Amino acid sequence: MDMFWGLLMSAILLGCTYTLVAVGFSLFFGVMDVVVFCCGDIAIFGSFAIMGAYVAMKSAGLFDSLPFVVCVALLLVIGAVFCAALGLVTYRFSIKPFQNSSELMPLLSTIAMGTIIKEILGLLFKPAVNTVSTALGGESALSVVSGRNPQGFPALLMPNGTVTERNITIIVITILILALLFLFLNRTKMGLSMQAISQNKELSLMTGINVSRIIIITFLIGGIMLAISGFLLGSYQKLMSFDDGAMYGAKGFSAAVVGGLRNTWGAVAGGMLLAFVEVFVSGYIPRGTSYASIVAFVVVVIFIVFKPEGIIGEKTAEKV
Amino acid sequence: MCSKSKLFSIFAVMFLTAGLLLVAGAAADAAVVKIGFLGPITGSDAAEGAAARNAFSLAINEANKSGEFKYKIEVIEVDDQSTENVAVAGAQEIVSDSAVVAASGFWNSGPAAASIPVFKESEIPLLIWGAIRETLTNKDNVPYITRSAPTDKQENIPLAAKVLDEFGYKDWFIVSDIGSYGDGNFNAFKAELASRKIAPLGEEQVPEDTTDLNAVAQKIKASGAKAVYCGSTVSIGSQLKRQLSDAGVKDILFCGISGMKTEDFLKIGVDAAEGALVVSPGIILEDSAKGRDFIKLYNAQGFSEPIGAYTPYAYEAALILVNALRDCGETPTAKAMTEAIPKSKTTGIMGTTTFNEIGQTENVAAYLNVVQDGVWVPLEKSEYQSGKRSFGGK
C-alpha cells in the first residue's frame, strides 16, 4: 500500500508539471487557433533564467543582505519577465508573420523557435551568466561550469523543509495558479474577452474587442505561467538540462490534446491522465519504465481516434 | 592592345605563381599528419567528453613541442553529442580527410558501435579511449579497432568483488538505461550476480532521456532491496539517487559504474549524493608520481572542465597514437598505423598498455570512489573505509 501512495504522489507531481505546460498550449490555442510548439522550451528557458539570476544575485551578495523570501520573489519576477518577453518574441517572429498562411506554418515556425531557444540556452547560458556574475561579484563571483551539462536548480522552495513539504507546496502552487487563471478567465473583462476570441474571433472583432491587444496579453500571461512552470519543474527535478524542453513540450501538448485543446481544465485532466498512466505503468508492470511513454502515447492516439475533442472539450460541428 | 610578348609574360607569371602555390601547398600537406578525435564535447555527457578532448589535445601538443617529429600532428575534433548519427557524420568527416592516419574516439558505446564500420571501410585505425561495451573490440574488428579503456565486464568485476564478496550484499535491485552503455553494464553486473547464485529482487531498464524515476524509486522501496546497482550514465544515475533520497530510501547501498563519476553527479546536493559508490577505471592519480604530474600539467592549462574518470585514458590514447607514429617513420600512413597500434607498447600514467589478440588493452586498472560530503573520494581514503561512516542496507 505504501508503494501505491508513493506512486500516487509521484503521479500528481508529474501531472502538475505536465499540466502547467499543457495549460500554456491551451491558452495560446484558445485565443490564436495556433499550436505554439515551443511552450516546453519557454518553460525550460524560465527555469534557466531563474538559475542564471540566482547565480548573479548570489554573486552580488543579495542573498546575504535581503530576506530569502524577497530574493525568491525577485527571482520569480525575473523569470516571469524573461518568459513574458520570450512569449512576445515568439508571437512577433514565429506566429504573427504567418497569421494568414496555412496552419502548418506557425506550427513549423514555433518548432524552429523551440530549437533556437534550446540552442541559445546551451551555447550562451554559461558565458552570459558568468559575465554578469563576474561583473557583479568580482573575484568571489559564482560561476556556471558548463552550459550544456545538466544544471543543478537551487533549493528555493522550502529549502529547510522535508521532501513531502516541498512536494505538497508544488501541488498547492499549481492549484493556486490554476485557480487564479480560472478567476482571470471568468471574472475579468480581459479574461472574458480571451474566451470570446477563443469561441468566435470574427464576432469578437465585431463586438469591438481589441483582438491584437488580447493576443499580446495572452502571450504575456502564458509566458509568466510558463516561467512559474519552469520554477516548479526545477524545484521538482533538481537537475535541469537545456534540451529538456522538447520532452515537456511533447508531453504538455499531448496532455492538452487528450484533455481538449481549447479547454484549460481539459489540460489539467489530460496532464494528470498522462502522468498517472506513465507512473503506474512504470510502477506496477515489471520493467514498465521502458514502456511507460509508449503506453502514454497510445492513450493519446486512442483519444485522437475515438474522442478527438478530448476529455472535457466540446464536440464542434463543421458546416460544409 | 597588348603585344604577344606582354601577354606571354602575364601568363608566364600566372603559371609560375600557381605552380609555386601548388608546391607550397604540397609541402604544407607533407608536413602535417592528422589524427581524429571524437567524443561528447557538448550534450549531457560533455563533462567527460570535453575533459577528454582537453587531455588528448594536450598530449598531442606536447608531442609537437618535443620537436621529435618532422611533421606537425594536427587533431580534427568532432563533437559526437553522444548521438549515433552525429557520430557517424563526424567519422565520415574524419575519414574523408586524406591526411588522417588514425583516430581516437568515443565515450558512449552506441556512437562507437555506429561509427566503427565507417573506420573499417576506410581502413583508418580507431583507438577507443572511453566506450566500454565489451563487444566493440572483437576478432572481426581487429586490427582496425583497438581500445585502451577497460570493457564494461572488466569494470564491473572489481565493483562486484567489493559489494558482493567483501560487503556481502544479497538483496539487489538493478537499474540501467536501455542504451548500449546501460545494457552492457546491466548484463555484466547481472552475470556477476548470477555467478554467485544471487537473483535480483527487481530490475528496471529505462529510456535514456528519462528524468522522472520516482516510480522506479517506489518500486525499489517496495522490493525491500538493500542495495541498488545503477549501470548508467550520470543523467540517469544522479536522478535515481536523488529520487531515492526524496522517496525516503536512504538506508540502502547505491553503487554503479564509472559513467556516473562526474562533477555533475554532485549537483543533486550534498545529502542526496552522499554514499554513492562508483567504480572508476584507472588508478588514483594522486597516489603515483606520473598521476600527480598529469594533474599538474592538466591544471596548468586552465581548462574549465575538471579531470574526469576517463580524462587520463584520453591522454593515454594520444600517447599510444604518438608512440605508434614513432614506429611509422617520417611519413606515417593509415596502413602503417593500423599495423603499429595493436603491436604498440606504451608506458603512460596508468602503467604499460599492450593489446591482446582482439585489440583490447591488457592493462586493466580500476578503483572505487564514494561521495563523501559532496565530493568524490577514493574509497580507500574515505571515512566509509575507515569505519567512521557506513553504507546503508547493512
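Tutor: Start with a definition. A crossing of two helices is left-handed if the near helix is turned anticlockwise from the far one by less than a right angle, and right-handed if clockwise. Keep in mind that this model is predicted.

Student: Which hand does the crossing of H11(B) and H12(B) have?

Tutor: The crossing of H11(B) and H12(B) is right-handed. By the definition, that means the turn is clockwise.

Student: What angle do helix H11 and helix H12 of chain B make, and how far apart are their axes?

Tutor: Helix H11 of chain B covers residues 311–327, and helix H12 of chain B covers residues 334–343. They pack at an angle of about 120°, and their axes are 9 Å apart.

Student: Why is H11(B) called oblique to H12(B)?

Tutor: Set the angle against the cut-offs. Roughly perpendicular runs from 65 to 115 degrees, and roughly antiparallel needs over 145. The angle here is about 120°. That value fits neither class, so H11(B) counts as oblique to H12(B).

Student: Which residues make this contact?

Tutor: H11(B) brings Ile320(B), Ala324(B) and Asp327(B). H12(B) brings Met337(B), Ala340(B) and Ile341(B).

Student: What makes up the contact of H11(B) with H12(B), by residue class?

Tutor: Five residues are nonpolar, no residue is polar and one is charged. Asp counts as charged, so Asp327(B) is the charged one.

Student: Now the sheet. What makes strand S7 and strand S14 of chain B edge strands?

Tutor: Seven strands form an open sheet in chain B, in the order S7-S6-S8-S9-S10-S13-S14. Strand S7 (202–206) and strand S14 (375–378) each pair on one side only, and these are the edge strands. The pairing in the sheet is mixed. The twist averages 25° from one strand to the next.

Student: How do you know that strand S8 and strand S9 of chain B pair?

Tutor: Pairing needs at least two bridges. Four bridges join S8 (residues 227–230) to S9 (residues 253–256), so the two strands of chain B pair. They run parallel. Cys230(B) stands opposite Gly256(B) in S9(B).

Student: How many residues of chain B count as buried, as a percentage?

Tutor: Of the 394 residues of chain B, 54% count as buried. Buried means that 20 or more other C-beta atoms lie within 10 Å of the residue's own.

Student: How many residues does each chain bring to the contact between the chains?

Tutor: Chain A gives 27 residues and chain B gives 34 residues. On the side of chain A that touches chain B, H1(A) supplies the largest share, six residues.

Conventions
Residues are numbered from 1 along each chain as its sequence is written. Chains are lettered from A and ligands numbered from 1 in the order in which they are written. This is a predicted model: local features need pLDDT of at least 70, side-chain atom pairs count only at pLDDT 80 or more; totals for chains, interfaces and linings use all residues. Two residues are in contact if their C-beta atoms, placed from the backbone, lie within 7 Å. Axes are lines fitted to C-alpha atoms, for helices over the stretch in contact, and angles run from 0 to 180 degrees between N-to-C directions. Angles under 35 degrees count as roughly parallel, over 145 as roughly antiparallel, 65 to 115 as roughly perpendicular and the rest as oblique. A residue is buried if 20 or more other C-beta atoms lie within 10 Å of its own, exposed if 12 or fewer, and partly exposed in between; C-beta atoms are placed from the backbone.
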